[in-house]
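Visitor: I would like to learn how to read a few local features in a model. Please show me the structure and begin with disulfides.

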Amino acid sequence: MSQPSVSVYNAMLDGHNQNDSYNDVLLLFKRMRSSDVMPNRFTLPVVLKACVMVKELTQGEGLQCFSIKTGFRSNPYVATKLIEMYSCAGVVASANKVFSEMGERNVFIWTSMINGYILNKDLVSARRFFDLSPERDTVLWNTMVSGYIQTGNMMEARSLFDLMPSRDVMSWNTVLEGYASVGDVEACERVFEEMPERNVFSWNGLIKGYTQSGRLDEVLDCFKRMVDEGSVVPNDATLTSVLSACAKLGAFEFGKRVHKHGESLGYDKVNVNFMNALVDMYAKCGAIEMAMEVFSGIHRRDLISWNTVINGLAAHGHGSEALDVFREMKIRGVRPDKITFVGVLCACRHMGLVEDGLAYYSSMFTDFSITPQIEHCGCMVDLLSRAGLLTQAVEFINKMPVKADAVIWATLLGASKVYKKVEVGELAHEELVKLEPRNPANFVMLSNIYGDLGRFDDAARLKVAMRDTGYKKEAGVSWIETDDGLVKFYSSGEKHRRTEELQRVLIELRNVSILLDEEEEEVQEHLI
């Protein structure tokens, strides 16, 4: 077009805006002004939004001057965006000045100003403006309730929520997610049951509450209830949350049912988040072949897709395949990040590739400008320790860009037992006592090293020191998936409600095993 009109410019500006190309919005607006095309009331809000998103305060101030000169200052859309821009930049006084200069203020302007105070954590001023507002719609009420929730003040949030004259499902969801965020699952459940109407975000809020509180088995129960009631269809966020819980619990069969449910909704065709969650679930449940099958079916893989499959393969000892996928990833032009290298270094650790591991570790900052984190350093210490290079491992720890944590020192302590390097073990134990003075496992490990070397006096001394901590080593725990759900077992067996019954069955099995062994011995003797 030789001379695009203001309508054409507005359409282009809006197109860039909808595609999050905010810098292009600002460049196109400069071109528009240089072409002497006069903006109208639809132009400035779009450009001001771009200023907000890229934090371009100077250009936003210029637009405010332009709005005053051209008479657009009284336009409520322009005023709202100016308030939003100044609030996001932390210049609340300028936002308040725009608000004060407005002759007529509608509910949107009041909401924008109140939200500006909330963004800048001034809940006192936000509440004062809320109380002064001549008109309050549901959005304004929700904004103020959300403000209290963001600061963790659920008491005020619930109190204000109870005063709302009209509450829609969004209002209920706001409070529900608030309780989920602070970890009050019981309150979250109460709100959920009180709701007169529920949508998918209501169910997702309850699932979020269970997830954040570590009640993962209840995530699965919640999803079963959601499907059984059938009034609300799960979305991709629901399915990914449930698959994540399945991955952590090792609930393989339940995860397969979620997979089929997602397929019936068509998420396996277009939704990369759902597919990534499936890869993660199958990998963490040990079904590597199924994880690879799902990965192969992802047509538009993102970085998370590659990271998930590399880490999944590495975690289950498929180091060679993990490194092959990493090489393919680089060939396809996907730039790795710090999570990618956790999987790569883990693969090297499983395969004992010391030189390759050191080379990959070095390439993190030389080729990709990634500063190694504690996870990467932990992999390297484990790699060196497994190879028996304990002196080199200690040197590596001393040169690490981050301070060694208890996991790293415990790794070194465990390796010192395997290779009977008592000096290294004593060094690791000394550091562990500083980090975890009451962890009895560290005393047990060094005591065992002394015992293996015949230093029984030192072993006894450590056992006394361990007893003085007043703590006992925690029992191991495992989950078993049954038709009735997930069952938790402790190594001691004392915490299960059917312990006596289980012990009787185990005794019977042992007796049967003894009888079978005796019969086999008799058969062998007869043959001889």
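Guide: A disulfide is counted here when two cysteine sulfur atoms lie within 2.5 Å. In general, a disulfide is a covalent bond between the sulfur atoms of two cysteines. This model is predicted, and by that rule its count comes to 0 disulfides.

Visitor: How far away is the nearest cysteine sulfur to that of cysteine 88?

Guide: It belongs to cysteine 51 and is 12 Å away, and cysteine 88 is in no disulfide. Cysteine 88 has 39% relative accessibility, so it counts as partly exposed.

Visitor: Which cysteine has the sulfur nearest to that of cysteine 377?

Guide: Cysteine 379, at 9.4 Å; cysteine 377 is in no disulfide.

Visitor: Is cysteine 377 buried or exposed?

Guide: Buried means under 20% relative accessible area. Cysteine 377 is at 0%, so it counts as buried.

Visitor: Next, backbone angles. What is the phi of lysine 121?

Guide: Phi of lysine 121 is near 60 degrees, a positive value, and the residue is not glycine. Lysine 121 sits in the loop that runs between α7 (107-119) and α8 (123-132).

Visitor: Why does lysine 121 count as exposed?

Guide: The cut-off for exposed is over 50%. Lysine 121 counts as exposed because its relative accessibility is 71%.

Visitor: Where is serine 369?

Guide: Serine 369 is in the loop between α23 (354-367) and α24 (374-386). Its phi is near 55 degrees, again positive in a residue other than glycine. With a relative accessible area of 63%, serine 369 is exposed.

How values were computed
Residues numbered from 1 in each chain as written. Predicted model: local features only at pLDDT ≥ 70, side-chain atom pairs only at ≥ 80, totals over all residues. Heavy atoms only, no water. Helix = DSSP H or I, 4+ residues; strand = E, 2+ residues; numbered from the N terminus. Buried < 20%, exposed > 50% of the residue type's maximum accessible area, 1.4 Å probe, protein only.
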